[in-house]
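Biologist: I would like a close look at a single part of this protein, followed by an account of how that part connects with its surroundings. Please take your time over it.

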Amino acid sequence: MRPQGNLRTAAEALVDQLIVNEVQHVFCVPGESYLAVLDAFHDRDIAVTVCRQEGGAAMMAEAVGKTTGRPGVCFVTRGPGATNASPGVHIAQQDSSPMILFIGQVGRDQKEREAFQEVDYRAMFGGMAKWVVEISDPARMPELVSRAFYEATSGRPGPVVVALPQDVLTERIETPPAPPFRPVDTAAGAADMATLSDMLGAAKRPILLLGGSRWSEEGCRAIADFATRFDLPVATTFRRTHLFDALHPCFAGDLGIGPNPKLLARVKGADLVMLVGGRLGEMPSQGYTLIDIPGPQMTFVHVHPGAQELGRVYRPHLAVNATPTAFAAAAAALPPPAAIPWAGAAAAAHADYLAWTETPTEVPGGVNLGHVMAWLRDNIPADSFVSNGAGNYAGWIHRFYRFRRFATQVAPISGSMGYSVPAAVAMKRLHPDRTVVSINGDGDFLMNGQEFATAVQYGLPVIVVVCDNGIYGTIRMHQEREYPGRVSATVLRNPDFAAYARAFGGFGATVETTAAFAPAFRAAQASGLPAILHLKIDPEAITPTATLAGIRETALAAQGA
Ligand SMILES: Cc1ncc(C[n+]2csc(CCOP(=O)(O)OP(=O)(O)O)c2C)c(N)n1
Ligand SMILES: [Mg+2]
């Protein structure tokens, strides 16, 4: 758009406001509804990643929010663009990730006629987004975009949706940019820390659970320091393993799907649980069975940045409305008791963790995912990103891979399939020098596998692993449990995924044995191209410890009984 005096269009003001807020990347699928914004990108220093489907674009933005703590930004068109983008909004909600989704909207003069692709975004995203706004006054663009950053990041972070009527974007405005946003911090007060100190002083079997967002490298260091000095066993909640170094002597394991039974017993038997950052939702709480609701059976300390989360499910004995990072700094300053009654508990818990995860279990078939994860944990740098979506294959990541650095686990707490490839593309776009491995199920992969084209387009050599067992394995497992032998809608006939990779201009290899994985991975790296490794997995290998046939037999026996 040509400058006219020194007035900016509202679209230019929008992009300027992103730059003021240090946004370096946006992810989009273009649409005629927001051409003026696309035009504003043309002359500004902001990296645009154009994607193949809005679901992928929105997940990329969510992954940026999840790993950086600053809003990931996505632009999509009205109607079908917005509906396609909705999974990213849902993930950002459940995963407490800051994200801003900008959606083109029909012009103000067409509103309420159900004009072409018109949608009421407040109604559509009302129960999912933290805030939905439609900007109808161009002059207020800086103000409302600034507020979007505050809404997305404050308290418990989440998604914000901003609808942009087409005619608003092209109007010229005089309003100067708003000042840059600063994330709002909340810290633990001295009285809370004194109470916590007393609770720790009275405890015999305490455990620390880490989860949620609003962590930072510095926060993770401080909490590790706190745990070390108090000799506390530390567990992480579902898909937040990266918050604590798996090889730290206090690490007790992660609470997710298929956790170590010894860890579950430790949490249930604790007399003090400190939950920092997380919500202990259905997955980590093992279907809300670990801790009594509403009154926990043990002394329960809950630290969360969102005031609304405190007392929402578990009624805490001590509620601390603080970001995990600020709390960790305060905790690191607490003096430990002179004699620690639970001395040795952390070492015992860590020994249990190592024993549970050290040696892959034997499973049917030529490729054992346990050995693949063990190879990855020993051979890729600790700062590598590992992403996944949803499916039983992820159980092997959770059990046998070891996350050692903050924000290296990029996985949906919301359990959304199709997340792995977009998340990996986003990580490689942000961090070209770091190794990025995307692990997928065969069902999972084809939900957003087309974003492999985006990896090729931007020269992003991610390594995509497709675990092909020819079934929607998770659902088949539940099916065999509930309706043994009655297979319905869970079988997949798959393409040749290595050929798919080559067709896109990437590297592809098929892996039929465990031994063939390492050379294929090295060949993928050596190619310098985005790569897909197609792993042929025996469908019988449904979890690290169960087979489909075994599950079916048990279910049939129970029916017969
Ligand atoms: C978007 C979405 N759709 C459906 C589901 C339900 N679901 C959970 S796991 C799963 C099957 C995953 O299959 P696959 O990716 O092949 O992995 P596998 O379980 O076979 O290892 C399905 C359909 C979901 N979690 N997310
Ligand atoms: Mg599968």
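In which helix does valine 64 lie?

Modeller: Valine 64 lies in helix H3, and I should say at once that the model is a predicted one. With a relative accessible area of 9%, valine 64 is buried, because anything under 20% is counted that way. Leaving aside neighbours within four places in sequence, the residues in contact with valine 64 are Phe27, Gly69, Arg70, Gly72, Ala426, Met427 and Leu430. A further reference point is methionine 99, which is 35 residues from valine 64 in sequence, while the two C-alpha atoms are 8.2 Å apart in space.

Two of these contacts lead to other parts of the model. Arg70, which is in contact with valine 64, is also touched by asparagine 21. Asparagine 21 sits in the loop between helix H1 (10-20) and strand E2 (25-28), and a relative accessible area of 2% makes this asparagine buried. Not counting residues up to four places away in sequence, asparagine 21 also touches Phe149, Pro179, Pro180 and Phe181.

Gly69, another contact of valine 64, leads to the second largest pocket, where Gly69 is among the residues nearest the centre, together with Arg214, Trp215, Ser216 and Thr325. This pocket has a volume of about 550 Å³, and its lining is made up of 32 residues. Helix H3 (54-68), H9 and H11 each supply at least two residues of that lining, and H3, the helix that holds valine 64, gives the most, with four residues.

Thr325, from the centre of that pocket, is also one of the buried residues of H11. Helix H11 covers residues 324-332 and is mostly covered, with seven of its nine residues buried; besides Thr325, these are Pro324, Ala326, Phe327, Ala328, Ala331 and Ala332. The buried residues pack against two helices, H8 (190-202) and H9 (217-230), and against three strands, E12 (272-276), E13 (299-304) and E14 (318-321). The UniProt record, an unreviewed entry, annotates residues 195-328 as "domain: Thiamine pyrophosphate enzyme central". Over this stretch the chain is 26% helix and 22% strand, and its end C-alpha atoms are 15 Å apart.

The contacts of valine 64 with Ala426, Met427 and Leu430 point towards another annotated stretch, since the same unreviewed entry gives "domain: Thiamine pyrophosphate enzyme TPP-binding" for residues 389-534. Here the chain is 40% helix and 16% strand, with the end C-alpha atoms 16 Å apart. The magnesium ion (ligand 2) has as its protein donors Asp442 (OD), Asn469 (OD1) and Ile471 (O), which lie 2.0 to 2.2 Å from it, and the spacing of these donor residues in sequence is D-x26-N-x1-I. Aspartate 442 belongs to helix H16 (residues 442-448), whereas isoleucine 471 is in the loop between strand E18 (463-468) and helix H18 (473-482), so this pair ties together parts that are 29 residues apart in sequence. Both ends of the pair are counted as buried, aspartate 442 at 3% relative accessibility and isoleucine 471 at 5%.

Apart from the pockets, a search of the whole structure finds one cavity of 30 Å³ or more, and the volume of the largest cavity is about 60 Å³. Its lining includes Thr241, Ala246, Tyr353, Tyr401, Arg402 and Gln409. Strand E11 (251-255) and helix H14 (394-400) are the elements that give two or more residues to this lining.

Lastly, on the cysteines, a search of the whole structure finds zero disulfides. Cysteine 74 is in no disulfide, the nearest cysteine sulfur being that of cysteine 51, 7.2 Å away, and at 0% relative accessibility cysteine 74 counts as buried. Cysteine 250 is buried as well, with a relative accessible area of 4%, and its sulfur is too far for a bond because the closest cysteine sulfur, in cysteine 220, is 14 Å away.

Definitions and conventions
Residues numbered from 1 in each chain as written. Chains lettered and ligands numbered in written order. Predicted model: local features only at pLDDT ≥ 70, side-chain atom pairs only at ≥ 80, totals over all residues. Heavy atoms only, no water. Donors = N, O, S within 2.8 Å, 3.2 Å for Na, K, Ca; no water. Buried < 20%, exposed > 50% of the residue type's maximum accessible area, 1.4 Å probe, protein only. UniProt positions renumbered as here; feature names shortened; annotations may be inferred. Contact = heavy atoms within 4.5 Å. Disulfide = S-S within 2.5 Å. 1 Å grid on protein atoms, 1.4 Å probe; cavity = no way out; pocket = protein on both sides within 12 Å on 5 of 7 lines; lining within 4 Å. Points joined across faces, edges and corners; volume = space filled by probe spheres on them.
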